[in-house]
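Visitor: I'd love a close look at one part of this structure, the salt bridges and what surrounds them. Could you walk me through it, and then out to the rest of the model?

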Amino acid sequence: MTTIAIASGKGGTGKTTLTALIALRALGEVKTVLADADVEASNLPLAVDAHESMRMAFQGKSTARIDPLTCTECGACETACRFGAVSSRVTDSDARRYVVDPWMCEGCTRCTLSCPSGAVSLEKGRAGSICFGEWEGGGIAWGALAPGEDLSGKLVTEVRTLAWTSATEAWSDLVLVDGPPGVGCPTIAALADTDLLIAVTEPSVSGAHDLERLLDLAASLGVPAKVVLNKADLSADGAARIHSLCERRDVELVAEVPFDTALAATLDTMSTGGHAAPGLRDIATSPPVEALWEAVACRL
Amino acid sequence: MRAEEFTLAVASGKGGTGKTLVATNLAAIGARSGPVVLVDCDVEAPNAHLFFEADRRDTVEVTVPRATVDADACGACGTCVSVCEFGAVRVLGEQAIVFDELCHGCGSCSHACPSHAMGEKEMRVGDIDVSVPRGMGALTVVTGTMDVGQTTAPAMIRAARKRAEDHGGGLTIIDAPPGVSCSAVAAVHGADAVLLVTEPTVFGLHDLRLAAELARELGLPAGVLVNRAGSGSTDIERFCDEWDMPVVGHVPFEKSIAETYAKGELVVGTHPDVAEWLGYVTDAMWSIAETQSYRAAARQTAGARS
């Protein structure tokens with residue numbers, strides 16, 4: 001089984017759309033399981049018209065809580081916290097009340113260890129959901145991180161594990177991972193141990209800047225990379241910039257996908273409750289997607 | 001009239017909706033009439049600096065604490081393992097081992113270690129650049145760039161915002177990372193208002209909802225800017241009505257705007273219409289923030305009376 005990740009440093013380059021196109025191109029030829037690793041904004045299930053069949057809770061980080069009745073107002077917790085999550089204010093009855101800002105708290109044990117009166121405890125939180133469903137070609141796993149949560153990398157790993165398990169059970173040949181933007185913790189989790197990265201970029205200075213960082217990351221993880229230039233005709237200058245970047249770094253530019261109003265219109269059918277998948281299927285046989293598909297297929 | 005100090009975060013659930021386009025142009029417009037600090041908190045993919053030319057850059061290194069083990073002092077008792085919530089310490093054989101990439105630098109293990117074997121070192125995670133762009137009035141650009149391979153985005157973001165405070169005093173514009181995780185929170189928490197940039201597509205609306213939930217949970221006054229207006233027919237306005245989040249404006253879907261952005265140029269220089277229109281956004285966001293804090297104060301007073 002082969003695992004291929006589609007990612008881009010910059011957001012909005014077209015990762016999800018291209019992932020959906022590759023998946024639809026594979027229909028009838030290669031059994032494919034999908035994993036949407038953008039757990040902060042998972043759109044792949046929308047694009048391939050997936051039906052959710054299972055949802056599990058994802059256990060997140062803990063948050064400290066200070067019991068005001070046990071608290072002796074010594075301030076040890078505030079001094080101990082490295083993340084500035086504990087603060088205090090004076091109440092109307094002249095007591096000093098210590099409180100934890102759950103948005104700043106990283107859920108370590110430092111304040112609980114420092115408190116001499118045992119007033120601070122850790123409470124487990126729910127950080128989101130791990131979801132599984134079906135699309136036309138097979139299974140699809142995705143995640144839904146609760147707003148503001150830590151641990152997106154861990155959720156990505158669980159989504160990938162679920163996709164991999166399902167692919168193994170169904171004798172699938174390919175797992176396609178739709179990655180998150182950026183090069184941080186969730187992207188590392190999405191790229192680690194994949195067989196190929198397809199780096200999606202766009203013809204702009206921002207696209208080039210972020211592509212370079214993504215290629216650095218892939219190299220450090222030992223994942224081979226190929227590049228696809230999306231919206232290629234939006235800027236000739238920008239496209240030239242990407243061409244020279246690929247040449248300089250000796251990375252293959254496998255496909256250039258022009259900005260396609262038909263594609264935008266197809267995706268827009270979802271605005272009025274329609275399904276994009278049938279229209280995307282037609283576009284999936286166009287020459288640029290075919291070139292992209294060949295880059296995938298030669299890895300299988 | 002807008003107060004002297006105002007911090008506006010520009011954010012979005014979905015990536016690539018135009019946060020940087022909006023943040024850089026709002027900063028350039030604001031700097032014509034007063035001091036502005038633009039803070040690029042998208043530390044994994046920082047692009048705002050690409051739109052400005054600067055003669056001089058001051059760079060400082062950002063480090064975070066990471067646990068260390070003194071092998072001679074370690075008795076392999078496992079206390080460090082039991083206090084670490086992140087699974088960053090394990091006892092292998094005769095001593096504890098720290099996994100740097102899992103360590104949050106909270107200091108729990110060094111606090112708890114009975115034999116004082118656990119210590120700390122400073123580890124480099126990235127750089128903060130401060131530059132004053134040429135010909136941009138009173139604008140300062142602060143850029144946080146996390147080293148590739150690091151996972152400490154929130155720490156980098158906090159460091160960038162702290163550095164920006166040193167140069168603050170007027171308008172501060174934060175270019176936030178996409179998404180709704182700990183990184184996005186670190187970028188927008190404590191701002192006076194958040195401007196959510198979206199696009200009129202199903203993906204845009206889906207992710208706007210997540211960003212709106214985050215803003216609501218953080219108690220942040222929020223407004224919405226629809227970028228690439230006309231590129232899709234998803235009804236963003238209806239959602240904003242339901243959520244009581246004003247749409248403070250639109251940037252049209254035009255190839256020439258995309259081309260300008262692709263070259264690394266500001267639209268304020270090339271598209272007078274867009275520039276004129278964006279000129280109202282910061283003041284609109286300030287009004288939203290004022291109204292919401294006025295309402296909150298009124299609710300509190302009413303609550304105290306009853």
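Guide: Glu202(A) and Lys10(A) are both buried, and their side chains form a salt bridge in this predicted model. The closest N and O atoms of Glu202(A) and Lys10(A) are 3.5 Å apart. The two partners sit in distant parts of the chain, 192 residues apart. Glu202(A) belongs to the loop between β9 (196-201) and α7 (205-221) of chain A, while Lys10(A) belongs to the loop between β1 (2-8) and α1 of chain A.

Let's follow each of those loops into its helix, beginning with α1(A). Every one of its residues is covered: 12 of 12 are buried. Among them are Lys15(A), Arg25(A) and three threonines, Thr16(A), Thr17(A) and Thr19(A), alongside Leu18(A), Leu21(A), Ile22(A) and Leu24(A). From its first C-alpha to its last, α1(A) reaches 17 Å, close to the 16 Å expected at 1.5 Å a residue. Just after the helix, Gly28(A) takes a positive phi of about 85 degrees.

Lys15(A) also brings us to a strand. Pro180(A), in strand β8 (residues 174-181) of chain A, has Lys15(A) among its contacts beyond the neighbours within four places in sequence, along with Ser8(A), Ala37(A), Asp38(A), Pro186(A), Thr187(A) and Ala190(A). Pro180(A) counts as buried because its relative accessibility is 4%. By contrast with those contacts, the C-alpha atoms of Pro180(A) and Ser121(A) are separated by 34 Å, with their positions 59 residues apart along the chain.

Now to the other helix, α7(A), and a second salt bridge. Here Glu212(A) and Arg249(A) meet through their side chains at 3.3 Å, N to O. Glu212(A) lies in α7 and Arg249(A) in helix α8 (residues 236-249) of chain A, so this pair ties together parts 37 residues apart in sequence. Arg249(A) counts as partly exposed because its relative accessibility is 25%.

For another salt bridge, move over to chain B. Arg134(B) pairs with Asp55(B), the closest N and O atoms being 2.8 Å apart. Arg134(B) is in the loop between β6 (118-133) and β7 of chain B, and Asp55(B) is in strand β3 (residues 54-69) of chain B, so the pair joins parts 79 residues apart in sequence. Arg134(B) is partly exposed, with a relative accessible area of 48%, and Asp55(B) is exposed, with 63%. Back in chain A, salt bridges that share partners join Glu212(A), Asp216(A), Arg248(A) and Arg249(A) into one network. Over all chains, the count comes to 23 salt bridges.

Some of these pairs cross between the chains. Two salt bridges are found across the interface of chain B and chain A, and one of the pairs with a salt bridge is Arg158(B) with Glu106(A), at 3.2 Å, N to O. There are also 29 residue pairs in polar contact between the two chains, both residues being at pLDDT 80 or more. On the chain B side, the elements that give two or more residues are α3 (108-112), β7 (139-146), α5 (182-188), α6 (202-217) and α8 (255-262). α6(B) gives the most, with eight residues. By residue class, the side of chain B that touches chain A divides into 26 nonpolar, 22 polar and 11 charged.

The contact as a whole takes 59 residues from chain B and 59 residues from chain A. It buries about 4,700 Å², of which carbon and sulfur atoms give 60%. Glu44(B), Val148(B) and Phe203(B) lose the most area in chain B, together 14% of what that side buries.

One more helix brings α1(A) and the partner chain together. In α9 (residues 261-268) of chain A, Leu263(A), Thr266(A), Leu267(A) and Asp268(A) are buried. The buried residues of α9(A) pack against α1 (15-26) and α10 (277-283) of chain A, together with α6 of chain B. The N-terminal end of α9(A) is capped by Asp260(A), with a side-chain oxygen 2.8 Å from the backbone nitrogen of Ala262(A).

Finally, here is chain A as a whole. It contains 11 helices and 11 strands, and 58% of its 300 residues are buried. Among its contacts with a separation of 6 or more, 77% are between residues 24 or more positions apart.

Conventions. Residues numbered from 1 in each chain as written. Chains lettered and ligands numbered in written order. Predicted model: local features only at pLDDT ≥ 70, side-chain atom pairs only at ≥ 80, totals over all residues. Heavy atoms only, no water. Contact = heavy atoms within 4.5 Å. Buried area = accessible area lost by both parts, 1.4 Å probe. Salt bridge = Lys/Arg side-chain N within 4 Å of Asp/Glu carboxyl O. Polar contact = N/O pair within 3.5 Å; in protein donor to acceptor, adjacent residues only side chain to side chain. Helix = DSSP H or I, 4+ residues; strand = E, 2+ residues; numbered from the N terminus. Nonpolar A, V, L, I, M, F, W, Y, C, P; charged D, E, K, R; others polar. Buried < 20%, exposed > 50% of the residue type's maximum accessible area, 1.4 Å probe, protein only. Expected span 1.5 Å × (residues − 1).
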